[in-house]
Amino acid sequence: MTQADTIARPTGQKIEHVDVLIVGAGISGVGSAYHLLDQAPDKSFAVLEAYETFGGTWHMHTYPGVRSDSDLYTFGYRFKPWVGAPIASSAEIKKYMGEVITEHGLDKYIRYSHKITKASWSSLESRWTVDVTRSDTNESFQMTASFLWMCQGYYKHSEGYTPEWPGMDSYKGRIVHPQTWPKDLDYTGKKVLVIGSGATAATIVPAIAADAEHVTVLQRSPTFFVPGRNANELADTLRQLEISDEWIHEIVRRKTLFDQQQVTKMAVEYPDLVRDTLLDGIRPLLPEGYDIGKHFTPKYRPWQQRIAFVPDGDLFAGIKSGKASMVTDEIETFTATGVRTKGGENLEADIVVTATGFHLSVLGDIPFDLDGTPVNWADTVTYRGMMFTGIPNLAWVFGYFRASWTLRVDIMGDFIARLFKNMEAKGAKVVTPTLRAEDADMKIGPWMDPDNFNPNYLVRSQHLMPKSGTKSEWQHNQDYWVEKDILPTADLNDGCLKYS
Ligand SMILES: Cc1cc2nc3c(=O)[nH]c(=O)nc-3n(C[C@H](O)[C@H](O)[C@H](O)COP(=O)(O)OP(=O)(O)OC[C@H]3O[C@@H](n4cnc5c(N)ncnc54)[C@H](O)[C@@H]3O)c2cc1C
């Protein structure tokens, strides 16, 4: 089928059908739509987005200072040059995505305020039926699609993760989560306590420190940070030489990826050296004699969790000026006026910001079924971190943790387009990852090896995720530098994918 069309249902109700349905218009959905149009232009498709606009993460996060923690030369798509400073605000990222949508005419495929609430596979019809609710008109209807290209992200958008602490009910101030930052929150002249010290906290603290009376960061355990100028010298030099934006994007992207690969390798081979180098980088930015061992030396190895970039060292400037301070301790209880730590410190606060992360969401928490049998994703094994055993015609764009998420949007776009061509060549309507006879004795384990990467949200919810095997075909190996060579040539006829 090459055109969006309709099929008649027994009830007489007309249902729109597309070859490919992309779910979500975040950075993954927009990039995937580009690749689909570019590499499989004969496929009919639509992008359904629950929000009233594109951007996903970059639309819904509105806390002060919200910005990327990756450089945009790699977080940007490979096909659209980035021309700004490497670390970008959410507004800049949305502008960039908006340009991609306009330049490639993607607007006519994206339907906003369309939320998918259920997805059912029919073996008889070889297609998915999705239930859709429109938040702008309150209409509910169904659509069908031969293939679901899931770009709905990996965390729950509706609410962030806030642990339950004793005494929270007795606290008289306001508790806010960065994911649902209230528009009316006035922190001017207020004492703010930020719980958590990941990239989000590192962004919020400098953004509010000047206006707040004081900002205290309470962390259970420290995080690694890399301070640096929000500029790319190579990009600036090439721009001075009037090299084209396309070339600059490609060169700086390659150089950044090369450097990141070296750092990642070093972090595995020489963790102590990398740790010392990271700590040496922040020492001069902190007050003389500051207890770096206590507040900035994580228990984990560098790169076991994401390393947060701090543009222009703004977090440390706040600490140096005395407007912000760090407390490394655990919460014993909330009190009426703040928090008491297990170490016995009373931290007074008018506002508590819980920068404590998010809830992992598996396939958008959409109920899926196969011919009426509900899908339990934890019973499936992933095929290369994008498809799942027993689940036909579906791929999930799950990016990288250690490298920019979007790098995987591009290489998965190539992979899926190649998969579609392979299906056409075989005359197949359905592709289903299936363990081969030779995989029968393969050890099946969690989605991600906790020794390799262990952020809290993943540790908390890994039991809900699809499983991994010990062979590379059955893993999301999270290594861009390996995948960029493997995926383009991966054998689509090695028996892992069953075609019918
Ligand atoms: C504050 C913050 C900063 C980050 N910074 C970086 C960074 O610098 N570098 C990096 O690599 N990663 C970063 N990440 C990770 C980031 O989430 C990803 O890089 C990327 O933005 C995810 O894009 P996505 O399109 O896959 O998902 P999302 O941005 O989550 O977008 C998913 C979209 O799908 C829609 N959707 C979901 N369910 C449905 C449904 N049922 N029906 C219809 N539509 C649906 C949502 O409304 C949303 O618009 C950051 C994350 C956060 C929270």
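**Exercise 1. Two residues with positive phi**

In this predicted model, determine in which loop Gln478 is found, and decide whether Gln478 is buried or exposed.

Solution. Begin with the position in the chain: Gln478 belongs to the loop that runs between α12 (456-461) and α13 (480-486). Next consider the backbone, where Gln478 has a positive phi of about 65° although it is not a glycine. Finally, count the surroundings: 20 other C-beta atoms lie within 10 Å of Gln478, and since a residue is buried if 20 or more such atoms lie within that distance, Gln478 is buried.

Now carry out the same steps for Asn138: in which loop does Asn138 lie, and is Asn138 buried or exposed?

Solution. The loop in question is the one between β6 (127-134) and β7 (140-150). Asn138, which is not a glycine, has a positive phi of about 65°. Around Asn138 there are 7 other C-beta atoms within 10 Å, and because a count of 12 or fewer marks a residue as exposed, Asn138 is exposed.

**Exercise 2. The packing of α5 and α10**

Describe how helix α5 and helix α10 pack, giving the angle and the distance between their axes, and then state which residues meet.

Solution. Two packed helices are described by the angle between their axes and the distance between the axes. For α5 (residues 199-209) and α10 (residues 314-321), the angle is about 50° and the axes are 8 Å apart. That angle makes α5 oblique to α10, and the crossing of these two helices is left-handed. On the α5 side, the contact is formed by Ala202, Val205, Pro206 and Ala209, which meet Asp314, Leu315, Ala317 and Gly318 in α10. Sorted by class, the residues of this contact are six nonpolar, one polar and one charged.

**Exercise 3. The packing of α6 and α7**

Establish how the axes of helix α6 and helix α7 are oriented towards each other, and work out how the residues of their contact divide by class.

Solution. The axes of α6 (residues 233-240) and α7 (residues 245-269) come within 10 Å and cross at roughly 155°. Because angles over 145 degrees count as roughly antiparallel, α6 and α7 are roughly antiparallel to each other. Their crossing is right-handed. In the contact, Leu234, Ala235, Leu238 and Arg239 in α6 meet Ile248, Ile251, Val252 and Lys255 in α7. These contact residues divide into six nonpolar, no polar and two charged.

**Exercise 4. The shell around the ligand**

Find how many residues surround the ligand and which are the closest, and identify the element that supplies the largest share of the shell.

Solution. The ligand is surrounded by 32 residues, the closest being Gly24, Gly26, Gly56, Gly153 and Trp405. Turning to secondary structure, α1 (27-39) and β5 (114-122) each supply at least two residues of the shell, and the largest share, three residues, comes from α1. By class, the shell comprises 13 nonpolar, 16 polar and three charged residues.

**Exercise 5. The surroundings of Leu407**

Place Leu407 in its helix, decide whether Leu407 is buried or exposed, and list the residues that Leu407 touches beyond four places away in sequence.

Solution. Leu407 has its place in helix α11 (residues 406-426). With 23 C-beta neighbours inside 10 Å, Leu407 counts as buried. Setting aside residues up to four places away in sequence, Leu407 touches Thr74, Tyr400 and Tyr480. A further step concerns Arg78, which is 329 residues apart from Leu407 along the chain, while the C-alpha atoms of the two are separated by 7.7 Å.

Definitions and conventions. Residues numbered from 1 in each chain as written. Predicted model: local features only at pLDDT ≥ 70, side-chain atom pairs only at ≥ 80, totals over all residues. Axes fitted to C-alpha atoms, helices over the stretch in contact; angles between N-to-C directions. Helix = DSSP H or I, 4+ residues; strand = E, 2+ residues; numbered from the N terminus. Parallel < 35°, antiparallel > 145°, perpendicular 65-115°, else oblique. Left-handed = near helix turned anticlockwise from the far one by under 90°. Contact = placed C-beta atoms within 7 Å. Nonpolar A, V, L, I, M, F, W, Y, C, P; charged D, E, K, R; others polar. Near = placed C-beta within 6 Å.
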